[in-house]
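Biologist: Could you walk me through this one? I'd like to hear about its pockets, helices and sheet.

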Amino acid sequence: MRVSKRASGAIAVGAAFALIASGCSSGSDDEGGSATSSDGAIVVDGTEPENPLVPANTTETGGGKVIDWLWTGLVEYPNNGGAPQNALAESIETTDSKVYKIKIKQNTKFHDGTVVKAKNFVDAWNWGAYSPNGAQNASFFADIAGFADVNTSDPDGDGPKKAPEPAAKEMSGLKVVDDWNFEVTLGAPTAVFPTKLGYSTFMPLPDAFFTQGAEAFGKKPIGNGPVSFVSWENNVTIKLTRFDDYNLRDKMKIKDVTVKIYQDDTAAYSDLVSNNLDFQQQVPVSSLAGDKWKGDLGDRAIASTTPSTGIIAFPIYDKRFQNPKLRKAISLSIDRKEITDKIFFGNRKPADSWANPLTPGAKPGNCTACTFDAAQAKALLAEAGGFTGQLKMYYNADASHKDWMEAVAQQVKTNLGIDAVAVGVPTFAVFRQNINAHKMDGAYRAGWQQDYPDVENWINPLYVTGGSSNDGLYSNPEVDALAKQASSAPSLDASHELFAKAVEKIDQDVPSMPIYFGGQQSGHSEKIKKMELTNVGELDITSVEL
């Protein structure tokens with residue numbers, strides 16, 4: 001999930017994203033339009049990636065969106081929220097949900113012209129799992145047999161001890177059969193495993209990655225998707241262009257894409273309104289009042305629902321936040337409906353569950369800590385011994401988070417008497433770097449956009465010890481044990497029931513605070529005649545026609 005970051009088997013997500021089309025042209029104009037489209041270019045809004053663009057080391061949406069465009073994986077998630085479909089995979093077969101035989105389509109290419117082979121997946125997954133490489137998404141490979149042999153953890157967190165050297169460099173559960181076939185053996189049957197394979201951490205890497213090294217490669221990445229990398233000027237633009245040898249799903253209908261990196265989403269919106277920006281995924285909150293954005297954009301406005309949740313997380317590595325009664329007290333002091341009504345003008349919904357309800361396997365209403373109960377909050381605060389000093393609540397200031405974070409801080413201050421204050425960090429990249437370095441001395445915004453459509457994605461990365469996005473270092477052995485059982489359940493139904501039990505434990509601990517469920521308000525320029533959004537609300541660049 002990528003932290004927003006970024007979003008069974010055959011269960012639809014539930015939100016359909018309609019094709020955006022405006023007008024029809026005459027025959028002669030249409031022919032000219034087709035030529036314009038095929039040679040055309042668009043500019044879309046973005047944020048500076050936290051790290052160089054390496055799939056297994058990207059856990060946030062600024063870099064994740066670009067990686068989604070640069071790579072194509074074994075499976076893909078349809079824009080309408082339907083079941084995962086094979087993309088680069090010719091077939092994924094299993095008889096026991098433990099051993100998977102994967103056959104890839106022959107003679108597809110990386111952007112450097114080399115052929116994508118089975119070993120490019122196996123080598124990439126082994127690199128991502130090997131703990132000395134420090135890939136943030138390493139835990140996603142934990143299903144595979146032999147993961148524990150290649151991935152060891154620091155026994156005392158950030159203390160003086162170091163993680164022991166792994167016993168192996170390659171997972172025993174990965175085997176290259178030939179150029180087009182490889183076999184994956186899991187540690188236990190895992191029904192959701194094929195669903196996960198469209199997430200970017202499972203992308204293939206070309207041989208050049210291993211000769212160049214992750215740092216150099218990530219600054220000039222070589223993928224296998226519909227667009228290839230051109231250039232990256234830090235905090236300014238990332239430029240991409242159509243990859244003409246792409247032969248998987250729909251090819252690009254336009255030629256060039258520039259991701260313009262904004263420090264302020266209101267500046268991006270001004271460019272959008274004046275047709276100097278071709279797509280903005282989320283218009284600023286200031287434009288939502290009275291549906292101003294609809295008036296500004298007209299038929300260029302796009303309303304959608306996405307499997308994402310706005311969250312405030314706790315740095316549990318900070319001793320001040322280690323009492324679950326304190327954490328629950330703060331959560332209960334927040335009136336989520338007031339936030340969604342007054343700040344988001346009804347364009348978000350108050351969160352009442354730990355996983356977004358659009359997600360297969362999610363249970364609605366299972367966040368008891370999400371209710372507003374000022375009296376109980378005060379009682380719990382007293383039982384926890386109160387809170388000394390200022391409660392800082394951090395957010396990235398380059399998007400519209402100031403108003404709602406300030407409103408939350410004010411509610412905590414009013415209802416609990418805690419000196420709570422919202423603090424803006426200038427850019428998302430710096431904000432995420434501080435979080436990943438475990439340097440936060442207060443609560444912080446930590447929204448989640450699902451990586452793949454299953455409730456597992458809302459539990460294992462966020463709340464299992466060592467999870468890829470468990471940034472607050474929350475740990476509960478009971479949650480870990482239940483999540484492990486759920487992950488290895490023989491069916492998705494059984495898995496979902498066990499994850500529900502894990503959530504009951506999470507709800508008692510309140511490691512974070514779900515605040516609102518995402519509703520998305522996007523817009524495009526007059527230049528764009530047709531386009532679609534992906535199942536998580538990103539622009540599907542292969543659908544764009546000018």
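What follows is a short chat about this predicted model.

Biologist: Let's start with the empty space. Which helix gives the largest share of the lining of the largest pocket?

Modeller: That pocket holds about 1700 Å³ of space. Its lining has 49 residues, and S139, N151, T465, G466 and G467 are the closest to the centre. Three helices each supply at least two lining residues: α4 (147-150), α15 (460-463) and α16 (477-487). The largest share, four residues, comes from α16.

Biologist: And what about chemistry: how many residues in the lining of the largest pocket are charged?

Modeller: Sort the lining by class and you get 19 nonpolar and 21 polar residues. The charged ones in that lining number nine.

Biologist: Back to α16, then. How do α16 and α17 run relative to each other, roughly parallel or roughly antiparallel?

Modeller: Two packed helices are described by the angle between their axes and the distance between the axes. Here α16 packs on α17 (residues 492-509) with the axes 8 Å apart and an angle of about 170°. Anything over 145 degrees counts as roughly antiparallel, so α16 and α17 are roughly antiparallel.

Biologist: Which class do eight residues of the contact of α16 with α17 belong to?

Modeller: On the α16 side, the contact is made by E478, V479, L482, A483, Q485, A486 and S487. From α17 come S495, L498, F499, K501, A502, K505 and I506. Three of the contact residues are polar and three are charged, while eight are nonpolar.

Biologist: Now the second largest cavity: how many nonpolar residues are in its lining?

Modeller: About 170 Å³ of space lies in this cavity. It is lined by 17 residues, with A313, L462, Y463, S469 and S512 nearest its centre, and both β14 (301-313) and α15 supply at least two of the lining residues. By class, four lining residues are polar and one is charged, and the nonpolar count is twelve.

Biologist: On to the open sheet of four strands. Which are its edge strands?

Modeller: The strand order is β6-β7-β9-β8, with antiparallel pairing. From one strand to the next, the twist averages 20°. An edge strand pairs on one side only, and that picks out β6 (89-93) and β8 (174-178).

Biologist: Which residue of β9 is the bridge partner of Y100?

Modeller: Strands β7 (residues 99-104) and β9 (residues 181-185) run antiparallel and are joined by five bridges. In β9, the partner of Y100 is V184.

Biologist: Last one: at what angle does helix α3 run to β8?

Modeller: Helix α3 covers residues 118-129 and lies across β7, β8 and β9. Its angle to β8 is about 165°.

How values were computed:
Residues are numbered from 1 along each chain as its sequence is written. This is a predicted model: local features need pLDDT of at least 70, side-chain atom pairs count only at pLDDT 80 or more; totals for chains, interfaces and linings use all residues. Side-chain values use heavy atoms; hydrogens and water are left out. On a 1 Å grid over the protein atoms alone, a cavity is a set of points where a 1.4 Å probe fits but cannot get out, and a pocket is an open set with protein on both sides within 12 Å along at least five of seven lines; lining residues have an atom within 4 Å of a point. Grid points are joined across faces, edges and corners, and a volume is the space filled by probe spheres set on the points. Ala, Val, Leu, Ile, Met, Phe, Trp, Tyr, Cys and Pro count as nonpolar, Asp, Glu, Lys and Arg as charged, and the others, Gly among them, as polar. Axes are lines fitted to C-alpha atoms, for helices over the stretch in contact, and angles run from 0 to 180 degrees between N-to-C directions. Angles under 35 degrees count as roughly parallel, over 145 as roughly antiparallel, 65 to 115 as roughly perpendicular and the rest as oblique. Contact means heavy atoms within 4.5 Å. Two strands pair if DSSP finds at least two bridges between them.
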